[in-house]
Amino acid sequence: MSSPDALPEPGEYLSFTLGDEHYALDILKVREIRGYEGVTRVPDTPAYILGVVNLRGTIVPVLDLRLKLGLERARYDAFTVMIVLSLDDRLAGIVVDAVSDVVRLEAGQIRHTPELGAQVDTRFISAIGTTDERMVILLDIPSLIDWADAGADAQASAA
């Protein structure tokens with residue numbers, strides 16, 4: 001986002017769930033959606049960094065989005081999904097409970113995040129999207145993925 005008061009652009013967003021809540025991210029940042037597979041654990045990394053996977057020759061850090069957002073750890077099963085994101089020519093995987101659908105949000109459906117008090121960390125939330133069926137929390141993926149923590153400097157460039 002260009003400024004703290006700027007809202008995300010209208011467009012298509014990939015909606016997914018963590019627990020009972022719906023989140024979404026810019027569909028243009030999604031490279032692919034995969035079933036969760038085992039990762040290679042990297043020593044001395046934060047708990048939310050599950051490890052790395054080899055994605056067609058590129059080593060990709062994988063983050064558990066539940067842990068990154070301060071939610072309880074979920075059991076990984078056949079419905080667990082990894083969304084591979086492409087950001088600034090780098091790849092990262094985020095593990096979510098399930099992918100819901102693609103949601104089209106117009107300008108009037110994207111609202112500022114309300115003030116929730118100093119105790120609530122909203123730096124990863126870019127806005128709230130509203131549809132007839134539900135509200136979705138729009139995540140600011142570039143601020144959510146800390147490349148230094150994810151060890152992305154060590155990954156090979158995408159082919």
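Two strands count as paired if DSSP finds at least two bridges between them. Keep that in mind as you look at this predicted model, where strand S5 (residues 58-64) and strand S7 (residues 90-96) pair in the parallel sense over three bridges. At one point along this pair, Val62 stands opposite Gly93 in S7. In general, strands of a sheet pair through backbone hydrogen bonds, either parallel or antiparallel.

Now let us step back to the whole chain. The protein has three helices and 11 strands. Starting at the N terminus, you can follow the elements in the order β-β-β-β-β-α-β-β-β-β-β-β-α-α. Of its 159 residues, 41% count as buried. The chain also brings distant parts of the sequence together: among contacts with a separation of 6 or more, 57% are made by residues 24 or more positions apart.

The S5 and S7 pair belongs to an open sheet of five strands, and walking across that sheet you meet S3-S6-S7-S5-S4, with mixed pairing. At its edges are strand S3 (30-35) and strand S4 (49-55), each of which pairs on one side only. Neighbouring strands in this sheet are turned against each other by 25° on average, direction ignored.

Two loops beside these strands deserve a look. Arg56 sits in the loop between S4 and S5. Its phi is near 50°, a positive value in a residue other than glycine. Is Arg56 buried or exposed? With a relative accessible area of 55%, Arg56 is exposed, because that value is over the 50% cut-off. Asp88 lies in the loop between strand S6 (81-87) and S7. Asp88 also has a positive phi, about 50°, although it is not a glycine. The relative accessible area of Asp88 is 69%, so this residue is exposed.

There is another open sheet to explore. Six strands form it in the order S8-S1-S2-S11-S10-S9, and its pairing is mixed. The edge strands here are strand S8 (98-105) and strand S9 (110-111), and each pairs on one side only. Inside the sheet, S1 and S2 pair in the antiparallel sense over six bridges. The two strands form a hairpin with two residues between them, where Gly19 takes a positive phi near 65°. Along the pair, Phe16 stands opposite Tyr23 in S2, and Tyr13 stands opposite Asp26 in S2.

On from S2, the pairing takes another sense. S2 and strand S11 (residues 135-139) pair in the parallel sense over two bridges. Here Tyr23 stands opposite Ile137 in S11.

Let us pause at Phe16, which is found in strand S1. How much of Phe16 is accessible? Its relative accessible area is 0%, so Phe16 is buried. Not counting residues up to four places away in sequence, the residues that Phe16 touches include Tyr23, Leu25, Leu65, Ile83, Val96 and Leu139. One of these contacts reaches far along the chain: Phe16 and Ile83 are 67 residues apart in sequence, while their C-alpha atoms are separated by 9.7 Å.

A helix residue offers another example of such a meeting. Leu67 is found in helix H1 (residues 65-68). Leaving aside neighbours within four places in sequence, Leu67 is in contact with Ala47, Tyr48, Glu72 and Arg73. Leu67 and Ala47 are 20 residues apart in sequence and 7.3 Å apart in space, C-alpha to C-alpha.

Finally, let us turn to the empty space. Rolling a probe the size of a water molecule over the atoms shows where such space is left. In this model, the largest pocket has a volume of about 370 Å³. Which residues lie nearest its centre? They are Pro8, Glu9, Tyr13, Asp26 and Lys29, out of 20 residues in the lining. Strand S1 (11-18), strand S2 (21-26) and helix H2 (141-144) are the elements that give two or more residues to the lining. S1 gives the most, with three residues. By kind, the lining divides into 12 nonpolar, three polar and five charged residues. Two residues named earlier appear here again: Tyr13 and Asp26, which stand opposite each other in the S1 and S2 pair, are among the residues nearest the pocket's centre.

Key:
Residues are numbered from 1 along each chain as its sequence is written. This is a predicted model: local features need pLDDT of at least 70, side-chain atom pairs count only at pLDDT 80 or more; totals for chains, interfaces and linings use all residues. Side-chain values use heavy atoms; hydrogens and water are left out. Helices (H or I, at least four residues) and strands (E, at least two) are DSSP runs, numbered from the N terminus. Axes are lines fitted to C-alpha atoms, for helices over the stretch in contact, and angles run from 0 to 180 degrees between N-to-C directions. On a 1 Å grid over the protein atoms alone, a cavity is a set of points where a 1.4 Å probe fits but cannot get out, and a pocket is an open set with protein on both sides within 12 Å along at least five of seven lines; lining residues have an atom within 4 Å of a point. Grid points are joined across faces, edges and corners, and a volume is the space filled by probe spheres set on the points. Ala, Val, Leu, Ile, Met, Phe, Trp, Tyr, Cys and Pro count as nonpolar, Asp, Glu, Lys and Arg as charged, and the others, Gly among them, as polar. Buried means under 20% relative accessible area, exposed over 50%, partly exposed in between (1.4 Å probe, protein chains only). Contact means heavy atoms within 4.5 Å.
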